[in-house]
Amino acid sequence: MFEAGGYRQFTTQKTQIAQCQQWGADAILLGSSTTTFPDLQAQVGTLPVIEVVNAIHDPTVKARVGVPWFQMGYQPGRYLVKWSAGKPLKVLLLPGPDDAGGSREMVAGFRQAIAGSQVHIVDVALGDNDIEVQRNLLQEMLERHPDVDVVAGTAIAAEAAMGEKRNQGTPLTVVSFYLSHQVYRGLKRERIIMAASDQMVWQGELAIQQAIRVLQGQSVPENISPPILVLTPKNADSQHVQRSLSPGGFRPVYLYQYTSAAKK
């Protein structure tokens with residue numbers, strides 16, 4: 001298992017794919033850090049590639065596991081329309097980096113969900129999913145738009161907004177486009193009113209299942225995904241998030257073992 005360390009890490013992931021080939025991997029589960037992956041076919045050769053979460057729309061990919069990013073933005077927008085009950089809301093969007101992670105798709109989904117309602121976007125601030133970057137973006141936007149009612153964005157942006165919430169004269173309402181451990185704690189403490197979850201643990205299980213089917217020569221659907229959950233302080237419990245988050249206190253321990261192909 002390799003971690004690229006963030007978005008726009010094409011060179012790192014290219015090196016990691018080469019390492020997979022060196023130790024004799026049978027398949028590659030690729031969560032791409034970029035929206036495209038040039039020359040993927042040349043890099044993987046005959047190794048089947050299962051795309052996980054982030055779509056790259058490459059013909060080399062045998063199957064994909066992931067929800068539409070459009071829906072990850074649509075569901076929070078739809079929730080705010082109902083939650084506002086017809087009252088005007090000014091929303092600041094922090095959807096993440098400009099060219100990765102489905103940011104544009106989430107914004108498009110949010111816009112469609114609020115169309116014709118009293119929920120209005122005052123600004124869209126794009127930036128890397130780094131807590132300092134998101135905190136700085138948030139503070140800059142709040143200076144520019146001090147009358148913002150709601151901050152909606154990535155889990156990192158929601159985390160930054162929870163911290164900023166303490167410093168606001170009028171408390172910020174926070175909505176997250178996806179779930180993390182920090183966002184889950186925010187829901188439990190009622191500091192976040194809603195978060196969407198694409199059930200990441202389940203997606204990992206599905207990706208393994210798809211890879212096995214491909215290796216066994218079975219036909220697989222082009223794309224499969226679990227349903228998106230709408231989580232609030234009322235339903236955010238361990239039962240609802242068991243297929244979204246790792247268990248509390250979980251620490252991965254990896255055993256690396258050479259395969260016979262790698263030894264040759």
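**Salt bridges, a pocket and a patch**

Student: How many residues apart are R144 and E140 in helix α5?

Tutor: Quick background: this is a predicted model, where local features need pLDDT of at least 70 and side-chain atom pairs count only at pLDDT 80 or more, while totals for chains, interfaces and linings use all residues. Residues are numbered from 1 along each chain as its sequence is written, and side-chain values use heavy atoms, with hydrogens and water left out. Helices (H or I, at least four residues) and strands (E, at least two) are DSSP runs, numbered from the N terminus. R144 and E140 sit about one turn of α5 from each other, and their separation is four residues.

Student: What is the N to O distance in the salt bridge between R144 and E140?

Tutor: A salt bridge here is a side-chain nitrogen of Lys or Arg within 4 Å of a carboxyl oxygen of Asp or Glu. R144 is partly exposed at 48% relative accessibility, and E140 is too, at 40% (buried is under 20% relative accessible area, exposed over 50%, partly exposed in between, with a 1.4 Å probe and protein chains only). Their side chains meet at 3.0 Å.

Student: How many residues apart in sequence are the parts that D147 and K90 tie together?

Tutor: The side chains of D147 and K90 form a salt bridge, 2.5 Å from N to O. D147 is in the loop between α5 (131-144) and β6 (150-153) and K90 is in strand β4 (residues 89-96), so the parts they tie together are separated in sequence by 57 residues.

Student: Which helix holds E205, the partner of R243?

Tutor: E205 and R243 make a salt bridge with closest N and O atoms 3.1 Å apart. R243 is in the loop between α9 (238-241) and α10 (260-263), 38 residues from E205, and the helix holding E205 (residues 200-215) is α8.

Student: Which residues line the second largest pocket closest to its centre?

Tutor: A pocket is found on a 1 Å grid over the protein atoms alone: it is an open set of points where a 1.4 Å probe fits, with protein on both sides within 12 Å along at least five of seven lines, and lining residues have an atom within 4 Å of a point. Grid points are joined across faces, edges and corners, and the volume, the space filled by probe spheres set on the points, is about 250 Å³ for this pocket. Of its 19 lining residues, the closest to the centre are A55, H57, W69, G102 and E105.

Student: Is H57 buried or exposed?

Tutor: H57 lies in the loop between β2 (49-52) and β3 (61-65). Its phi is positive, near 55°, in a residue other than glycine. With a relative accessible area of 72%, H57 is exposed.

Student: What is the phi of E190?

Tutor: Most residues other than glycine have a negative phi. E190, in the loop between α7 (181-188) and β8 (194-197), has a positive phi, and the value is about 60°.

Student: Which residues make the nonpolar surface patch of about 240 Å²?

Tutor: Patches are made of residues with over 30% relative accessible area and no salt bridge, joining like charges within 9 Å and nonpolar side chains (Val, Leu, Ile, Met, Phe, Trp, Tyr) within 5 Å. Accessible areas come from the Shrake-Rupley method with a 1.4 Å probe; for residues, only the protein chains shown count as cover. One member is in strand β1 (residues 28-30), and the full patch is L29, I208 and I212.
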